[in-house]
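Dear colleague,

Please find below the structure that I am handing over to you. My notes on what was found in it follow directly after.

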Amino acid sequence: MAQVTVDPNQDTEFHDALRARGIIPEREPSRSPSPELPTAEEVKENARRQATVEELDEELESADEDEERILLQLRRERMKELAAMQSQSRFGRIYPISRPDYAREVTEASKESLPGAQDANQGTGVVCFLYKTGMDTCELLSGYLEQLAAKYPNTKFVSIIGSQCIPDYPDKNLPTLLIYRAGDLRRQIVGLRPEIGLDGMNTKFADIELLLAATGAIAMEQPKKSSTGSGKDGEKDNEQSSIRESGTTQHGDDDDDLDWD
């Protein structure tokens, strides 16, 4: 009788039964092919693409004509990447300033338009935070502004102790926010007062964000309003509208305190 050859590596119920009876051995584990190692040229090219501008400049000093052409192209690409990153995240934090810095860091800085801005006269939103160390409302607002500075890197946030910015500036007016754009003082927010939609130590991050958006200091997406304007959504829209309106109302009594020119 002719013998039948059985491939022990096939995967069928018949082969499983044969393995269970010890007639054929267990299947050999499949072996994946070893990955190909990168060549020396590929390693060199990958390293160059991750190199800093300074590292590329160092390599250019000893490069031949062909390599110099490649390195210069990589350097141009890296410079474009850095420029794009800087334009997208121009600021991103709160910058402490002193009184002599005020004109340069606030007034003049607000005149500079962002790269690619459609309106060259739009300028940059600058939020100047006047505070006093150890004051609870100032500490609360400082934390919110840190978050907003990171969230809206195209707006410049600066901070200065109130009495250093304006001599004899009363503590009762702190914290104060001065909003500049295109060289002009557009709005001043004095204290966390209910008249402007805030609530002292109960003020929320969203309240400050919405108020700064209403003054034009930051650009945020406006929430869609309810078509009916009723119910919970309608109440929320009315509340937000109230904050916008109060946030753009001038507070004449406090204007005199801010006249340091």
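I begin with Ser110, a residue in the loop that joins helix 5 (102–108) to strand 2. Please bear in mind throughout that the model is predicted. Is Ser110 buried or exposed? Ser110 is buried, as its relative accessible area is 0%. Leaving aside its neighbours within four places in sequence, Ser110 is in contact with Gly123, Thr124, Val126, Tyr180, Arg181, Ala182, Gly183 and Asp184.

Two residues of that list, Arg181 and Asp184, lead to the sheet, where Arg181 stands opposite Asp184 in strand 5. Strand 4 (residues 176–181) and strand 5 are paired in the antiparallel sense, over six bridges. As general background, the strands of a sheet pair through backbone hydrogen bonds, and the pairing may be parallel or antiparallel.

The sheet as a whole is open and is formed by five strands, in the order 1-3-2-4-5, with mixed pairing. Strand 1 (94–96) and strand 5 (184–190) are the edge strands, each of them pairing on one side only. From one strand to the next, the twist averages 25°. Helix 6 (residues 136–151) packs on this sheet and touches strand 1, strand 2 (126–131), strand 3 (156–161) and strand 4. The direction of helix 6 makes about 160° with that of strand 2.

Helix 3 (residues 53–60) shows two sides. Which of its residues are buried? In helix 3, Val53, Leu56 and Leu60 are buried. They lie on the same side of the helix because they cover an arc of only 60° around its axis. Glu54 and Glu58, on the other side of helix 3, are exposed. In general, an α-helix has 3.6 residues a turn, so residues three or four places apart point the same way.

Finally, I turn to the cysteines. How many disulfides are there? With a disulfide taken as a pair of cysteine sulfur atoms within 2.5 Å, the count comes to zero. For Cys128, the closest cysteine sulfur is that of Cys165, at 5.3 Å, which is too far for a bond. Both residues are nevertheless buried: Cys128 has a relative accessible area of 0%, and Cys165 has one of 2%.

I suggest that you locate each of these residues in the structure as you read.

Yours sincerely,
A colleague

Notes:
Residues numbered from 1 in each chain as written. Predicted model: local features only at pLDDT ≥ 70, side-chain atom pairs only at ≥ 80, totals over all residues. Heavy atoms only, no water. Pairing = 2+ DSSP bridges. Helix = DSSP H or I, 4+ residues; strand = E, 2+ residues; numbered from the N terminus. Axes fitted to C-alpha atoms, helices over the stretch in contact; angles between N-to-C directions. Contact = heavy atoms within 4.5 Å. Buried < 20%, exposed > 50% of the residue type's maximum accessible area, 1.4 Å probe, protein only. Arc of directions from axis to C-beta.
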